[in-house]
Every structure is written in C-alpha cells, then in structure tokens.
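Student: I would like a close look at one part of this model, the open sheet. Please walk me through how its strands are arranged and what surrounds them.

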Amino acid sequence: MKVIIRKLIEQHGRLPVAIATLSDDQDLYATGLTSFAAVQLMLGLEEAFDVEFPERMLNRKSFASIDAIASCIAEIAPQKAVA
Amino acid sequence: MTRNSPLLERAVDACAVAAKFCDDVDRQSRFPTESMQALKDARLMGVMIPRELGGESASLRDIADLCAQLGQNCASTAMVYAMHQIKVSSVVSHGADHAWHRAFMACIASQQLLLGSSTTEGGGIGGDLGNSICAVERDGDEFTLRKDATVISYATQCDAILVTARRAPDAPGSDQVMATVLKGQYTLEKTAEWDTLGMRGTCSEGFILDARAPVDQIMPLPFAEIAARSMLATAHLLWGALWYGIAANAVSRAQAYIRADARKKPGQVPIGAVRVAEASNMLQLMRSSLNAGMERFEKAQLANDDLNSMSFAIDMCNLKIGTSRLLTDIVNQSMMVCGINGYKNGGPYSLGRHMRDAMSAPLMINNDRIFGNTSNMLLVHRLDQRLAG
C-alpha cells in the first residue's frame with residue numbers, strides 16, 4: 001500500500017524534494033505539502049483505493065505522513081491495506 | 001436596560017475618545033494615538049493574558065464585544081485593537097508552556113504593550129499567509145531575519161512584531177515559524193505609503209524589516225498549526241465583530257435619519273423606512289452568525305482535532321465571507337436611506353467613512369482567495385446537513 005501512497009504523493013503532493021528521500025514517518029507539511037496539494041492527494045487516494053474519507057479524518061493530522069495516511073486507509077478499507 | 005459587562009464599562013472612555021478623533025484620524029491617515037492611549041489607560045491591552053501572568057483571563061467573546069463597541073466609534077481604532085488581540089491570542093494559546101513567551105505575556109499585561117504583525121510579503125507571496133520567502137537564519141543562540149514586508153500595520157507605533165518566516169534557509173515555503181521581535185531588535189526601512197480609501201488610521205505601510213533576536217523568541221509550534229488553531233479563527237471572529245460595530249452604527253444613523261423625517265411629516269411613512277427594516281434584518285443575520293461562530297470556536301477549542309478539521313476551517317471562512325458581504329450591503333442600504341445627508345461628510349447622518357472602511361472587509365484576505373480555498377476543501381469535505389450541528 002505504501003508504494004501506491006508514495007506514487008500518489010509524487011503525483012499530487014507537489015513536493016520540492018524527491019519522494020524516495022522521504023521516510024514513512026516524515027512530516028509531509030514540513031516537507032512542503034500545501035493545503036491545496038493535500039486535498040488533491042486526498043482525491044487521488046480516494047480514487048486509487050476506492051474509499052471516501054469520513055469527516056473525522058479530514059484534518060491535518062490524517063495526512064501528515066505516509067504512516068498516517070496508511071493507517072487511515074487501513075482503518076476504512078482493511079482489505080485494501082494488504083494490497 | 002441591559003447592563004454592559006465590566007470590560008465594556010471600562011471601554012466607555014476609550015470609545016468616546018475614538019469617536020471624538022475618528023474624523024481627524026481618517027482625514028490625516030494617522031495612527032489613532034488618543035484612543036489607543038485611552039485603551040492603555042483603561043488597562044485593556046493585556047486582558048486576555050492569564051491571571052497568573054498579570055492579565056485578566058478575558059475570553060475572546062469579551063474581546064469581540066470590545067471590538068464591536070470600538071467599531072461603532074472608530075473603525076481604525078477597532079482594527080488596530082483587533083489585530084493586537086489576534087496576536088495576543090496566539091501567544092496565549094501557544095506560549096503557555098514556553099518560558100520566554102510566559103515572560104513576554106507578563107510584559108504585555110504590565111506594560112500594556114501593543115503587538116503588531118508581519119505576515120504579508122513581497123516577491124509574489126502577497127497575502128498568502130501560508131507561504132514565506134524570507135527565512136530565519138540561526139546564528140548560535142540568536143537568529144536573523146530580513147523580510148520584504150509589503151504591509152505591516154502600525155509598525156512604527158507598536159512595541160513588538162510577530163513575524164512569519166521559513167523555519168530555515170533550506171526549508172520549503174510552507175514550513176513556517178512565527179517569531180516575536182521586540183522594539184530595539186529590529187529596524188524598519190519604509191518602502192510603501194498607506195494612502196487608502198478606508199481604514200486609514202491603521203497605517204499599514206510597507207517596510208523592509210531587519211531583525212536579530214534570541215532563538216527563544218521563535219514559537220515552538222509550526223506556524224501552520226498556529227494559524228489553524230488560533231490565528232485564522234480569532235482574526236475572522238474579531239474582524240467580524242468590529243465590522244458588526246461599523247454596520248450597527250450605520251444602521252443607527254439611518255434609523256435616526258428616518259425618525260427625524262417621520263417627525264417632520266406626521267401620518268406618512270418616510271421613503272427609506274423599509275430599507276431601515278431590511279438593514280436591521282441583515283444586521284441581525286450578522287450578529288447571529290458571529291455569535292454562532294464564537295460558539296463554534298469555543299466548541300472546537302475543546303478538541304485539537306476539531307480545530308484542525310476542514311469543517312471548522314470552512315465554517316470560519318464562511319463566517320468571514322458572510323460578515324464582510326453583509327457589512328458592505330448594510331452600509332449601502334443605510335446610505336440609500338440617508339441620501340445626500342449620508343453622502344456628505346461631517347454631519348450626524350454622514351456615512352462616507354463607514355462605506356470606505358467597510359470596503360476593506362472583502363479585501364482583507366480577499367474573499368475570492370477564501371472562496372478558492374473553501375472550494376478546494378469542498379472537493380472532499382461533505383457539509384453537515386443537520387440543523388442543530
């Protein structure tokens with residue numbers, strides 16, 4: 001799953017650094033993720049994993065790192081988390 | 001007769017001083033020295049600071065009340081006071097566990113300091129608060145900072161400026177911190193005048209700000225968190241409160257005009273009477289949404305997740321857009337009621353200053369920019385369909 005997440009961050013995150021240099025727990029906002037790009041990333045994740053993020057996950061914390069995103073997806077779509 | 005809160009009672013003198021000098025402040029585009037001194041004399045600068053640090057632990061609601069009251073008398077004074085309190089709220093909200101900021105809070109309360117703000121920047125950043133070009137450069141225990149600040153309100157009158165900048169020279173534009181620099185720790189080289197339609201007393205001139213200060217004065221929390229948790233909400237609530245003050249005063253002038261007209265012509269309803277009714281309807285909407293917004297903020301403060309949520313951000317953005325639009329509509333209506341007497345400067349029904357001050361509201365963080373942000377969030381956020389919420 002994290003491979004897909006990384007690919008989506010690369011596509012939508014508009015980060016000034018190469019995705020390969022990021023660790024799973026690194027703060028994406030500190031790396032340059034803007035609130036606009038965060039929404040684009042959310043849309044990409046919803047499309048790729050065929051999920052809808054519930055309201056309680058629509059906050060900064062849920063998308064603050066690759067780990068945080070993975071745990072959100074694992075929570076709402078456990079069957080896809082193993083993909 | 002409803003009684004004023006004790007804080008409002010203390011502001012009565014400052015409001016009278018603000019009313020007395022508002023036309024001169026507006027005409028000369030000068031800082032409202034007299035009314036700001038009156039607010040200091042009434043010890044109203046540090047009231048939001050916790051009691052144990054010499055303040056009075058006043059709530060944001062108390063401050064909003066003061067802003068609304070000041071807004072009825074001099075919008076520039078009210079805006080300077082609101083901007084100061086927005087900065088104070090950030091220090092209070094995020095500085096409680098930080099030694100330097102605790103000492104700073106005690107100073108604000110004991111010396112009645114006035115805080116300024118530098119977020120806007122040149123080089124294409126403009127009013128995009130979430131981005132900086134300038135960066136904090138650490139040099140041992142100190143940092144330096146040079147900012148092309150296209151707008152700093154009352155920069156030469158304030159005692160400290162809270163500046164946003166990138167965390168380090170190699171940090172991306174959105175990785176920002178907020179640092180406090182005290183008078184004496186910075187120089188200001190003026191780059192732009194402030195000769196505007198309204199809000200002329202805020203003296204929001206442009207400067208190159210050059211600062212050197214101890215690293216302790218950098219807030220520990222990232223600026224994005226400060227903005228989400230305290231700054232944006234308090235800004236929209238306090239601006240909205242003072243805009244309500246401008247609107248309320250415009251409606252009261254229109255109402256006084258109609259009443260005088262009705263007395264002269266018994267048995268007839270004056271032409272503009274229905275517009276006063278319409279203006280009072282909009283004023284009520286403004287008041288209700290501000291009170292609801294305040295409640296929303298108080299609820300969100302109980303849970304950090306809520307403060308950082310999209311639903312809260314959208315609520316606050318909509319509050320700003322709604323109140324600023326209502327303000328300009330209300331002043332327009334009031335002007336139609338008062339006619340030539342509203343259009344002429346200097347009389348009891350004059351509304352030119354109200355109108356010019358009101359025009360700033362949709363532009364201070366441009367409503368179109370805010371709509372852009374909310375429209376982006378609405379791509380994923382689903383609106384709450386319930387009435388009670």
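Tutor: Helices and strands here are DSSP runs, with at least four residues for a helix and at least two for a strand, numbered from the N terminus. On that basis chain B has 13 helices and 7 strands. Bear in mind that this is a predicted model.

Now the sheet. In chain B, 3 strands make up an open sheet, and their order is E1-E4-E5. The pairing is mixed. Strand E1 (115-118) and strand E5 (176-182) of chain B are at the edges. Each has a single partner strand, so one side of each lacks a neighbour in the sheet. From one strand to the next, the twist averages 25°.

Take the pair E1 and E4 of chain B. Strand E4 covers residues 160-166, and E1(B) pairs with it in the parallel sense over 4 bridges. Within this pair, B:Gly116 is opposite B:Ile161 of E4(B). A helix covers this pair too. Helix H5 (residues 75-94) of chain B lies across E1 and E4 of chain B. Its direction is at about 85° to E1(B).

Next, one residue in detail. B:Val163 touches B:Ser118, B:Leu145, B:Lys147, B:Met178, B:Ala179, B:Val181, B:Leu209 and B:Ala211, leaving aside residues up to four places away in sequence. B:Val163 is also among the residues that touch the most other members of the largest nonpolar core, which has 148 residues. B:Ala179 is in that group as well, along with B:Cys67, B:Ala82, B:Leu238, B:Leu242 and B:Ala247. Helix H7 (residues 223-264) of chain B gives the most to this core: 24 residues.

Step back to the whole chain. Of its 389 residues, 50% count as buried in chain B. Contacts with a separation of 6 or more are 75% from residues 24 or more positions apart. The C-alpha trace of chain B spans about 80 × 50 × 40 Å along its principal axes. A compact globule of 389 residues would have a radius of gyration near 21 Å, and chain B agrees, with 21 Å.

One further helix completes the tour. Helix H10 (residues 310-338) of chain B has 29 residues. From its first C-alpha to its last it reaches 42 Å, close to the 42 Å expected at 1.5 Å a residue. Just after H10(B) comes B:Gly339, with a positive phi of about 60°.

Terms used: Residues numbered from 1 in each chain as written. Chains lettered and ligands numbered in written order. Predicted model: local features only at pLDDT ≥ 70, side-chain atom pairs only at ≥ 80, totals over all residues. Pairing = 2+ DSSP bridges. Axes fitted to C-alpha atoms, helices over the stretch in contact; angles between N-to-C directions. Contact = placed C-beta atoms within 7 Å. Expected span 1.5 Å × (residues − 1). Rg over C-alpha atoms; globule rule 2.2 N^0.38 Å. Buried ≥ 20, exposed ≤ 12 C-beta atoms within 10 Å, placed from the backbone. Core = buried A, V, L, I, M, F, W, Y, C linked by C-beta atoms within 7 Å.
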